[in-house]
Amino acid sequence: MLWLKILTLSCLALQANEIKFTAFDAQGRVMDLQAFLGFIGRADKTKAPPAILVSSPDGLTAQKPTLKQEGASLVLGWEGLSRVSLSMVWPVAEDGFSAVWLDKGGPGYSEGETLQLNEEIALSQYRALKEAWTKHSREMEPAYRPSRKAEKTLAAAQSLLERAQAQASPAKRAALFNRALSQTARSWQTMLFEHGVQIAQDPKRGPGLRFGLTLHEAVLQRMSDYDWIIDMIQRSGANWVRVVFRSNPRDFTYAQPGSFNEYDAVVKALRDKNIRVMGCVLDTSQWPAALTPAIYAERAKNLVLHYRGLIHSWEVGSEINGHWLGGRAAPLPPEQAFRIYSEAAAQVKAVEASLETVATLYWQEAASPDEAHSLFGWLSRFVPEGFGQNLDVVGLSLQPDENPVGLSLERIFERTRLFLPDKKLMVSSLGYVEGSELKGWWWLDPQDVEGARKDLVNLYSAASCAFPRSLCGVFWWQTLDQMLPGERKYSDLYRVYKRTLDQLGH
């Protein structure tokens, strides 16, 4: 009886499931719910949902869980799925907040299980590191050649895990697992940095990699020294620049020749320095609420036609899975944002099929406001609907203070590649804290924003090269604000970026 089967499936879909867990803080104390939420929470203490997501083990279905306290245990609940994996943010001592995945080694967790969270996180991340180490050493070209230092970091992580597993005291056990997690993070970063350098210096792979910076619309207020800015970009070793075209409300579609005047000078100066340009049609933070596919496609067409022969790569959509497109008060529905992007991508290819199209997706998962805007939730929906057509490169926007990355950098690349195996990948936007005050999640040191930026620039400029089909990229978003802040002076962050590219052979 078909109706009975449908009713049964409907009831199963509403079935509630729970698992219990305990978690220890950095001082070895068992945390209650309030302490736990503060432990994994943002610096500004916003009332956003906890940065945790549960999904089916294949990652195709996800939801925000419930959390409650029962005695000394914390209880995480969800509906419908028989087994789940967990994705969440977690502070790693001496390193910073990371996105971490827990899946019980593959099958996921089911109703009634009990976890010790510190232990589960440390074991799952070490297991993922070992799998990644094998891939880099045996399956990639060129193969990873670990230094003695890297081998020692991996051995130290394993030793700490073994000590933790032999410890009987729950508090001491958790403390050792925390130390093992820190060592795992150190080992993974060392491996990715070293392999990234080896790939960048490889005579086959190195020449095709991109090392970029971003010139957003503030460059138009600095036309008196734009020549110096571009000279400094060249001296840094960057071989690409992302030029972001302003909203231009007086001529949104760039139908008038006069709208290009300042940009013409910037593009010409970049090309004169042999720096390639990726044109960004419009940053999504400036998408108006009334934007339509036709209007956006017209803007893209006019930009592409004007710079035909000068700009061969176009970022048609930047962070198109963001939850702010069209305005945070009443954002555009995801399907409308997808239609707007798709029409413009098709228009670029209609002008000239050989032009490169780039779509940037915003990395957010556990800290996403909902599953629909999370990176993998969005891909799960829109790849079957045609995302990937008229597209050459998938860019990832990483903003670790808003959505921690850390231990999950490799997994982000890997899972995105599974959705779009024939596309090239890169980090097309990287940034950390727009002003001087940390409001989100810290990296390296919660009191040292500038130090975190330097570490991220150094680490990700190399690590982003260490993945299959990756073009590297980076394209630091706040180049004008944080590297070349004005009065023809460059910052320590610029020096770090330049030294890193020197090390990479660029």
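Arg 469 sits in the loop that runs between helix 12 and strand 18 (470-476), where helices (H or I, at least four residues) and strands (E, at least two) are DSSP runs numbered from the N terminus. The phi angle of Arg 469 is near 65°, a positive value in a residue other than glycine. A second loop, the one between helix 3 and helix 4 (148-166), contains Pro 142, and the peptide bond that joins Glu 141 to Pro 142 is cis, with omega about -5°. Most residues other than glycine have a negative phi, and most peptide bonds are trans.

The model is predicted, so local features need pLDDT of at least 70 and side-chain atom pairs count only at pLDDT 80 or more, while totals for chains, interfaces and linings use all residues. Residues are numbered from 1 along each chain as its sequence is written, and side-chain values use heavy atoms, with hydrogens and water left out.

**Helix 10 and its partners**

Helix 10 (residues 375-382) and helix 11 have axes that come within 10 Å and cross at roughly 5°; the axes are lines fitted to C-alpha atoms, for helices over the stretch in contact, and the angles run from 0 to 180 degrees between N-to-C directions. This makes helix 10 roughly parallel to helix 11, since angles under 35 degrees count as roughly parallel, over 145 as roughly antiparallel, 65 to 115 as roughly perpendicular and the rest as oblique. In this contact (heavy atoms within 4.5 Å), Leu 375, Phe 376, Leu 379 and Ser 380 of helix 10 meet Arg 411, Ile 412, Arg 415, Thr 416 and Phe 419 of helix 11.

The axes of helix 9 (residues 334-351) and helix 10 come within 12 Å and cross at roughly 70°, and these two helices are therefore roughly perpendicular to each other. Here Pro 334, Glu 335 and Phe 338 from helix 9 meet Trp 378, Arg 381 and Phe 382 from helix 10.

**Enclosed and open spaces**

On a 1 Å grid over the protein atoms alone, a cavity is a set of points where a 1.4 Å probe fits but cannot get out, whereas a pocket is an open set with protein on both sides within 12 Å along at least five of seven lines, and lining residues have an atom within 4 Å of a point. Grid points are joined across faces, edges and corners, and a volume is the space filled by probe spheres set on the points. By this rule there are 5 cavities of 30 Å³ or more.

Among the lining residues of the largest cavity, Gln 189, Leu 192, Gly 406, Leu 407 and Leu 409 lie nearest its centre. Helix 5 gives the largest share of that lining, 4 residues. For the second largest pocket, the residues nearest the centre are Asp 103, Ala 128, Glu 131, Arg 411 and Glu 414, and helix 3 (117-138) and helix 11 (409-419) each supply at least two residues of the lining. Helix 3 gives the most, with 7 residues.

The table sorts both linings by class: Ala, Val, Leu, Ile, Met, Phe, Trp, Tyr, Cys and Pro count as nonpolar, Asp, Glu, Lys and Arg as charged, and the others, Gly among them, as polar.

| Space | Volume | Lining | Classes of lining residues |
|---|---|---|---|
| Largest cavity | about 100 Å³ | 13 residues | 9 nonpolar, 3 polar and 1 charged residues |
| Second largest pocket | about 440 Å³ | 20 residues | 6 nonpolar, 5 polar and 9 charged residues |
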